[in-house]
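Biologist: Hey, got a minute to walk me through this one? I'd like to go through the sheets, the helices and the chain contact.

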Amino acid sequence: MDREKVLQALREAQAEYDIKNLDRLVREAWEEGDVLYAEIVVELTERAVEILFDQNFIWVHIIESEDCEEWIPDGWYSFVVVHPETGQCLTFLKDPVHSGKSRASFRARIRSADDAVDAVMRLAELIEQNLKSRAVE
Amino acid sequence: MQLTHTEERIKQAIEEVWQELLQEADAENYSLEEYFEDYRKYWDDPCFPNDIPELIMRTVEKIVGRPLSWYCELVRDPAGFTGEYSFVVIDPKTQKCLTYREYTFDGVNVHRFINVAGTVVNYEDIVRLVTKLLNQIQSALAAA
């Protein structure tokens with residue numbers, strides 16, 4: 001996945017949400033444990049991926065918490081992506097170590113703008129890989 | 001694929017899985033009834049309900065007869081854990097989302113869902129949620 005394309009997609013998503021400073025948003029979501037900001041980080045990540053593929057997906061996400069008792073975002077996020085037409089899970093990953101085991105979700109630490117770029121890139125690569133494997137079959 | 005999931009079979013599978021979980025945790029004899037008494041006491045401690053997704057999905061897998069790929073969210077709102085569990089289940093053989101379904105309320109707009117959710121406060125809720133998941137998985141496998 002081309003980093004420049006990822007940056008462009010994130011910029012477009014930022015413009016849609018009128019976010020001027022991505023790094024500040026991401027850091028405040030984590031450093032201040034702000035759930036609302038964390039939700040925006042999630043929306044931006046998901047939207048950037050959709051822009052990259054020019055396709056809407058069905059999403060489920062979790063904003064992880066550093067504290068069991070209170071919901072304080074800790075900068076970790078999990079995503080499940082499903083293709084709306086085929087029902088294929090695009091975040092599916094076979095466990096490379098334990099055969100027969102697999103994972104349905106993609107997990108990333110997003111605590112800075114660089115992390116956000118990295119997360120979008122890795123998520124897009126996983127989706128691309130799953131789309132290709134299905135196409136081959 | 002026809003799944004056999006009578007209430008009796010589900011309850012038997014839940015008990016079997018519970019015993020497996022106890023064994024793995026090297027825990028002393030702790031009945032499900034005792035567990036749910038504690039569960040209700042520590043309702044506002046979201047660490048406690050972490051055993052529930054494992055219990056539910058291992059029961060589902062036992063009845064389906066093979067491992068599934070799954071993801072569970074403990075649903076929270078600003079006041080904390082709501083008691084609701086939301087599951088996404090994937091068939092590792094086909095990568096299809098088995099909890100995917102479409103609804104239309106007006107015959108025009110299609111709404112798509114990829115999760116099956118339910119609130120758990122007692123043992124009967126576990127039976128209900130396992131049944132709900134199995135029914136959904138069965139219809140997804142039959143449609144494939």
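Modeller: Sure, we'll take the sheets and helices of chain A, then the contact between the chains, then chain B. Keep in mind that this is a predicted model.

Biologist: OK, chain A. In what order do the strands of the open sheet come?

Modeller: The order is β1-β2-β5, so to speak: 3 strands of chain A in an open sheet, with antiparallel pairing. β1 (58-65) and β5 (106-109) of chain A are the edge strands, each pairing on one side only.

Biologist: And how much are neighbouring strands turned against each other?

Modeller: By 25° on average, ignoring direction.

Biologist: How many bridges join β2 of chain A to β5(A)?

Modeller: There are 4, linking β2 (residues 73-82) of chain A with the antiparallel β5(A). If you want a spot to click on, A:Ser78 sits opposite A:Arg107 in β5(A).

Biologist: Which helix lies across β1 and β2 of chain A?

Modeller: That's α3 (residues 35-53) of chain A, and it runs at about 145° to β1(A).

Biologist: How do α2 and α3 of chain A cross?

Modeller: The axes of α2 (residues 22-31) and α3(A) come within 8 Å, crossing at roughly 135°. An angle from 115 to 145 degrees counts as oblique, so α2(A) and α3(A) are oblique to each other. The crossing is left-handed.

Biologist: Which residues make the contact?

Modeller: From α2(A) you have A:Leu25, A:Val26, A:Glu28 and A:Ala29, and from α3(A) there are A:Tyr37, A:Ala38, A:Ile40 and A:Val41. By class that gives 7 nonpolar, no polar and 1 charged residues.

Biologist: Switching topic: how many residues does each chain put into the contact between chains A and B?

Modeller: Chain B gives 20 residues and chain A gives 20 residues. On the chain B side, β1 (69-77) and β2 (80-90) each supply at least two residues. β1(B) gives the most there, with 5 residues.

Biologist: What's that side of chain B like by class?

Modeller: It has 11 nonpolar, 4 polar and 5 charged residues.

Biologist: And what does the open sheet in chain B look like?

Modeller: It has 3 strands in the order β1-β2-β5, paired antiparallel. β1 and β5 (116-119) of chain B are at the edges with a single partner strand each, so one side of each has no neighbour in the sheet. The twist from one strand to the next averages 25°.

Biologist: Over how many bridges do β1(B) and β2(B) pair?

Modeller: Over 8, in the antiparallel sense. One pair of bridge partners is B:Asp77 and B:Gly80, the latter in β2(B).

Biologist: Last one: which helix lies across β2 and β5 of chain B?

Modeller: Helix α4 (residues 123-143) of chain B, running at about 170° to β5(B).

Note on methods:
Residues numbered from 1 in each chain as written. Chains lettered and ligands numbered in written order. Predicted model: local features only at pLDDT ≥ 70, side-chain atom pairs only at ≥ 80, totals over all residues. Pairing = 2+ DSSP bridges. Axes fitted to C-alpha atoms, helices over the stretch in contact; angles between N-to-C directions. Contact = placed C-beta atoms within 7 Å. Parallel < 35°, antiparallel > 145°, perpendicular 65-115°, else oblique. Left-handed = near helix turned anticlockwise from the far one by under 90°. Nonpolar A, V, L, I, M, F, W, Y, C, P; charged D, E, K, R; others polar.
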